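Biologist: Hi! Could you walk me through this model while I have it open?

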Amino acid sequence: MAELFLSHRSTDKDAAEVVATALRAAGHRVFLDSSHDEGIEPAKEWLGALFRELRLCDAVVFLNSTDSQASKWCFMELGFAVERAKPIYALNLTAAIAPHPLAASFQAIRLETDLDASITWLTDQLVRDFGGDQRWFTFKRERDPYPGLRAFETADAAVFYGREQETKRVINRIVSAASSPDGDLITLIGPSGIGKSSLVQAGVLPRFLGRDDWTVVGPFEPGNFPMDRLAAALTSAAPEITANLTGDTLRKGGLAGVMERMRAGKNPQHRVLVVVDQFEYLAIADATDREDFVKALDSSLSDGSRVTLVIIARQDRLDDLQGLDPLGPRISQPLIIAALGRDGLVEAIGKPVGHVDMTLGPGFTD
């Protein structure tokens with residue numbers, strides 16, 4: 001998803017509504033000042049609200065027509081976008097029209113035989129430009145972009161900065177085993193409070209949620225009753241398959257069978273990604289429950305299971321984890337998450353403000 005500002009002349013309002021509807025259907029948030037749903041609310045200072053939307057948008061979509069080229073407001077909006085280095089997508093409303101002087105350096109979307117074809121061209125281009133970008137993730141402006149001591153969540157993916165390299169490393173590790181027909185175990189370790197949970201929840205998982213080739217289970221913490229926690233996570237991920245599942249029924253039926261039902265009828269390459277956070281908390285569980293949980297996870301990694309299990313734990317508990325039978329021996333070559341360096345901290349502090357109506361004072365980040 002991208003945050004888009006639709007710049008147009010009022011005489012092109014009908015075309016603007018068509019374009020806005022199509023872009024929203026493609027998953028983008030579109031600001032259209034003539035829209036009753038997402039436009040400038042009555043009683044708000046019009047010009048201030050307009051500049052706010054221009055500051056927060058990822059790109060400007062300009063409906064290029066003779067009328068819009070003569071509009072001082074369109075000129076102002078494009079000038080602001082150029083000054084802020086915002087991408088501009090010019091959608092020509094008539095054939096052979098010259099580019100706007102301020103958008104001449106940007107490639108215009110060519111007018112096809114009809115407006116719908118031109119819009120398809122535009123949406124495809126947005127996917128290419130924003131599909132792999134962090135700005136593709138939705139961030140609700142009422143959320144705080146700085147969660148403080150709590151971990152970042154999937155809803156914070158758009159404002160999770162500073163961990164790009166670690167995020168890519170974990171994703172590549174998960175994807176590298178995707179072609180394997182067997183189970184896979186990935187262990188992430190690091191000091192307490194270093195940001196392991198945030199990395200997985202806001203950095204890694206948003207790239208897998210909603211995909212046809214992956215089902216995500218969790219993240220969840222084992223806590224006092226790990227089998228019940230596992231059953232609840234499975235039910236949340238696939239309620240139509242795991243209805244009425246409990247820790248006891250999971251013990252009797254086995255986790256491997258549940259995983260097979262979750263994959264039934266899907267693409268043969270489909271995998272289930274199970275994420276267990278704060279794995280060291282398993283130590284507080286009853287010994288029998290702990291043993292059942294470890295055996296269940298181990299059974300899900302058998303040959304042909306197509307399950308990827310991600311375990312997140314404190315680094316100082318690695319020896320304890322490797323001592324868990326029968327799962328422990330599988331825990332080898334863990335990925336170590338270290339503290340953010342200075343460059344990462346600069347990004348983590350400075351970049352989230354671009355998603356909300358906020359600015360940092362000069363020298364604040366330093």
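Modeller: Happy to; we can start with the whole chain and then go to its pocket, a helix and some backbone details.

Modeller: This is a predicted model, in which local features need pLDDT of at least 70, side-chain atom pairs count only at pLDDT 80 or more, and totals for chains, interfaces and linings use all residues. Residues are numbered from 1 along each chain as its sequence is written, and side-chain values use heavy atoms, with hydrogens and water left out.

Biologist: Thanks! How many helices and strands are there in the chain?

Modeller: The chain has 13 helices and 10 strands; these are DSSP runs numbered from the N terminus, with helices being H or I of at least four residues and strands E of at least two. The C-alpha atoms fill a box of roughly 75 × 50 × 35 Å along the principal axes.

Biologist: And what share of the residues counts as buried?

Modeller: Of 366 residues, 45% are buried, where buried means under 20% relative accessible area, exposed over 50%, and partly exposed in between (1.4 Å probe, protein chains only). Among contacts (heavy atoms within 4.5 Å) between residues at least 6 apart in sequence, 71% join residues at least 24 apart.

Biologist: On to the pocket. How much space lies in the largest one?

Modeller: About 680 Å³. The largest pocket is lined by 32 residues, and Arg150, Gly193, Ile194, Gly195 and Ser198 lie nearest its centre. Helix H7 (196–204), strand S9 (307–314) and helix H13 (342–350) each give two or more residues to that lining.

Biologist: How do you define a pocket and a cavity?

Modeller: On a 1 Å grid over the protein atoms alone, a cavity is a set of points where a 1.4 Å probe fits but cannot get out, while a pocket is an open set with protein on both sides within 12 Å along at least five of seven lines; lining residues have an atom within 4 Å of a point. Grid points are joined across faces, edges and corners, and a volume is the space filled by probe spheres set on the points.

Biologist: How many cavities of 30 Å³ or more come out of that?

Modeller: One. The largest cavity holds about 90 Å³, and its 11 lining residues include Glu3, Asp58, Phe137, Phe139 and His355, which lie nearest the centre.

Biologist: Back to H7: why is it largely enclosed by the rest of the structure?

Modeller: Because nine of its nine residues are buried. Among them are Lys196, Ser198 and Gln201. The cover over H7 includes helix H6 (164–176), strand S6 (184–190), strand S7 (214–220), strand S8 (271–276) and S9.

Biologist: What about Ser305, buried or exposed?

Modeller: Ser305 is buried, at 8% relative accessible area. It lies in the loop between helix H11 (287–299) and S9. Leaving aside neighbours within four places in sequence, its contacts are Pro181, Asp182, Gly183, Glu260, Arg263 and Ser300.

Biologist: Which peptide bonds should I look at for cis geometry?

Modeller: Gly218 to Pro219 is cis, with omega near 10°, and Pro219 lies in strand S7. Asp325 to Pro326 is cis too, with omega near 5°; Pro326 is in the loop between helix H12 (318–322) and strand S10 (335–336).

Biologist: And where does Ala85 lie?

Modeller: Ala85 is in the loop between helix H4 (72–83) and S4. Its phi is near 60°, a positive value in a residue other than glycine, and Ala85 is exposed at 66% relative accessible area. Gln278 has a positive phi as well, near 50°, and is found in the loop between S8 and H11.
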